[in-house]
Protein chains: 2
Amino acid sequence: MSIARAGVAGSKPRIQVTRTGVSTARLPAASVRLPLNEILVGDCVAELGKLPAASVDLVFADPPYNLQLEGALSRPDQSVVDAVDDDWDKFASFSEYDRFTRDWLTAVRRVMKPEATIFVIGSYHNIFRVGTILQDMGFWILNDIVWRKANPMPNFRGRRFTNAHETMIWAGRSAQTKAYTFNYETLKAGNNDCQVRSDWFLPICTGAERLKDAQGRKTHPTQKPEALLARIIMSASKPGDVVLDPFFGSGTTGAVAKKLGRDFIGTERDAVYAKAARARIAATEPLPDDAVNAPPAKRSEPRVAFASVVEAGFISAGETLVDDKRRFKAVVRADGSLLMSGIVASIHKAGALAQGLPACNGWVFWNVERNGKLVSIDDMRGTIRAQMKEAAE
Amino acid sequence: MSIARAGVAGSKPRIQVTRTGVSTARLPAASVRLPLNEILVGDCVAELGKLPAASVDLVFADPPYNLQLEGALSRPDQSVVDAVDDDWDKFASFSEYDRFTRDWLTAVRRVMKPEATIFVIGSYHNIFRVGTILQDMGFWILNDIVWRKANPMPNFRGRRFTNAHETMIWAGRSAQTKAYTFNYETLKAGNNDCQVRSDWFLPICTGAERLKDAQGRKTHPTQKPEALLARIIMSASKPGDVVLDPFFGSGTTGAVAKKLGRDFIGTERDAVYAKAARARIAATEPLPDDAVNAPPAKRSEPRVAFASVVEAGFISAGETLVDDKRRFKAVVRADGSLLMSGIVASIHKAGALAQGLPACNGWVFWNVERNGKLVSIDDMRGTIRAQMKEAAE
DNA sequence: AGCTGACATGAATCCAGGG
DNA sequence: TCCCTGGATTCATGTCAGC
């Protein structure tokens, strides 16, 4: 409250980028200076305790997920998955994880301005505990947001659904947080004049964006994509705002904040991560004022499962599909697979099997009879595609 | 355990639909009869207490979440600024919801078979508390699944992202629940031969599917779409399984279970909902067997020893096996083991050894030459399996 | 330069059954 | 209960070598 920073309160905030990625100065608790655009190396609870209260506008937190992995996992080609087995992700019990969570959330909450909001990201291993503690502490949940990964790791053993998303909780500091920043109009304008939904479709961080060490190994096991942070910062902050990331890691939050004309504060326990993040941010240039926009999400024809054609009611389970010349037929099962001569297969496999060919496009091969005429299932796919496109990716 | 039902154990389960939606009989605790395809009117904890333990295969639960939290959420907080007092206030009402959740989950858990799984659906208002309690009680989360709504209600005030999804948690009864049902192969076949992800795109329940009363008002405020339940039941149960829904509501679970050849048990406090659900289910017809039943998945096929391939005369002892590219060879011994470079090993071990890999499926690795062409030993296994099936019938 | 195919890899609670 | 073994199992994307 009392920690006003020159140039922030006004309607035209000025962007301050002070010695980005250079200082690790520890501040006495009484100081009023905010260590902007710096990475404080140390435990976030301790480091945040040195900052003045009510001084940040937005928080992004990517805490350890407590994955509880046991043993190794191999791909079908026998290669071994490089799992997250770092010490920082190990907790003795759920209650220890809960205590850890409550501690850092308490420290973070103190430095949040009354109208600040926080995003916390997690997976099913930890996000339910984070959400419960947020509620218990009096944070006010505004949305839960799903990051749908364009290219998730598959489930190699076929025992579960592909774990293809992570969850973010967006919450206000309290139920009284009403005047939080939400750039509704600009978000809508950038989304075909359509409100942005709570499910976001984005690729994971790979390629040139992924930080590597001298040996070519990934610097950080869980580096988040810049596009994700860009959406968050664009949605819930203004230029000149201060964005805090208590688990700074490889520095995605800092790099994107700098690009988008926001200030950042980071805390990070691991000096190696902090050093890499500083170098990354130093090499990052702010975008020109008028070019502040999220990178466009890739778009292609959405893939439609034949199961959706059944689910949408175009075809009922138990109906029969036939080819153009009605030489072959197959029964539609409730799960969208086909039953043909005692074999369950996809529309593609069944079409190939029927013709004795190695492959077949089931969408154009199969038809269903309607009023004595054949209707292609491909037409039904077209209708569903249109619907999916509306639910913008 | 002891609640065997005629017609379920065999390989061709027969669908029993006993007096669907007619009886509300209360069962004494000592009874062993399971009230299949009935709706028990009353509180789920009380009603489930009358059922024998370990008697259901799958649970779908759509618990209430708005009313319990309403009091806490709408309470104006003008009293104290001190965060600790805030917390106490909130904790009181959240803890009431937590107790409710723990109670019904305890009752449900008792009637779950050891290898049963449970789906719970909720929104950000309650799902984090449900998830935390599931974990604390020892349930083992398999996936969190996002239902992406094709047609969600927009956010009218433009202060948040469109709340376009709900979250389901899929969990095993305990961490020891390993042999749960997951119909991986047929699901994949219905999805373009691609494994199904944790985000499902489905329309909300509208139109003719939505139950209406005589005045045309919707019977139930949160009726779930049948397509959602169909996916759940097709994914995680077999024909003839017993599906429990402790918050039966408008009866979507029962209607879909009947369609898909599963039995159901429902509990519902509201007699009006129960009556509407009974009528709905009575008007529902089961799908033909072809649309529902599947041949056994690959991993549940009976094991065949390579020795029996030799014994059956498909291969003679002393013959040579080779891989696809004829780079490796091994001699078949009379006992079904292989001799390769002076080492005796199983077909799997020999294949792994040859390639320098930790493991190998010898059935698909090795071939034998017949008339100048390679024949896979896996084909011989298929023939033997077919013979085994004939003999079993 | 541009195409093709082999190879690498990502927050993962990833097997079942017999001795 | 632990240990051992049979044998079932992957999608999207990026890099790089080879032509």
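Reader: Why is α6(B) said to be largely enclosed by the rest of the structure?

Author: In this predicted model, 11 of the 11 residues of α6(B) are buried, so the helix is largely enclosed by the rest of the structure. To count as buried, a residue must have under 20% relative accessible area.

Reader: Which residues of α6(B) are the buried ones?

Author: They are E226(B), A227(B), L228(B), L229(B), A230(B), R231(B), I232(B), I233(B), M234(B), S235(B) and A236(B). The helix, α6 (226-236), is also among the elements that give two or more residues to the side of chain B that touches chain A.

Reader: What makes R148(B) and D199(A) a salt bridge?

Author: The rule asks for a side-chain nitrogen of Lys or Arg within 4 Å of a carboxyl oxygen of Asp or Glu. The side chains of R148(B) and D199(A) meet at 2.5 Å, N to O. That value is within the 4 Å limit, so the pair is called a salt bridge. The rule finds 6 salt bridges across the interface of chain B and chain A. The same interface has 47 residue pairs in polar contact, both residues being at pLDDT 80 or more.

Reader: Which element gives the most to the side of chain B that touches chain A?

Author: β4(B) does, with 9 residues. By class, that side of chain B has 43 nonpolar, 19 polar and 17 charged residues.

Reader: How many residues of each chain are in contact, and what area is buried between chain B and chain A?

Author: Contact joins 79 residues of chain B to 81 residues of chain A. The two chains bury about 7100 Å² between them, with 51% of it on carbon and sulfur atoms. In chain B, the residues that lose the most area to chain A are F128(B), R159(B) and F161(B), together 12% of what that side buries.

Reader: How do you know that Q195(B) is in polar contact with DNA strand D?

Author: A polar backbone atom of Q195(B) is 2.9 Å from a phosphate oxygen of DNA strand D. The limit for a pair of N or O atoms is 3.5 Å, so this pair passes. R303(A) reaches a phosphate oxygen of the strand as well, with a polar side-chain atom at 3.3 Å. For P152(A), the partner is a base oxygen of DNA strand D, and a backbone N or O atom lies 3.5 Å from it.

Reader: Which residues come nearest to DNA strand D?

Author: Of the 31 residues around the strand, Y184(B), K188(B), H348(B), W363(B) and R381(B) come nearest. Of the atoms of DNA strand D that come within 4 Å of the protein, 65% belong to sugar and phosphate. The largest share of this surface, 3 residues, comes from α5(B).

Reader: What makes the pair of Y65(A) and DNA strand C a polar contact?

Author: A backbone N or O atom of Y65(A) lies 3.1 Å from a base nitrogen of the strand, and the cut-off is 3.5 Å, so the pair counts. D62(A) has a side-chain N or O atom 3.4 Å from a base nitrogen of DNA strand C. From the other chain, a backbone N or O atom of K178(B) lies 3.3 Å from a phosphate oxygen of DNA strand C.

Reader: How many residues surround DNA strand C, and which are the closest?

Author: The strand is surrounded by 39 residues, the closest being Q68(A), R75(A), Y124(A), R157(A) and K218(A). Sugar and phosphate make up 43% of the atoms of DNA strand C that come within 4 Å of the protein.

How values were computed:
Residues numbered from 1 in each chain as written. Chains lettered and ligands numbered in written order. Predicted model: local features only at pLDDT ≥ 70, side-chain atom pairs only at ≥ 80, totals over all residues. Heavy atoms only, no water. Near = heavy atom within 4 Å. Polar contact = N/O pair within 3.5 Å; in protein donor to acceptor, adjacent residues only side chain to side chain. Helix = DSSP H or I, 4+ residues; strand = E, 2+ residues; numbered from the N terminus. Contact = heavy atoms within 4.5 Å. Buried area = accessible area lost by both parts, 1.4 Å probe. Nonpolar A, V, L, I, M, F, W, Y, C, P; charged D, E, K, R; others polar. Buried < 20%, exposed > 50% of the residue type's maximum accessible area, 1.4 Å probe, protein only.
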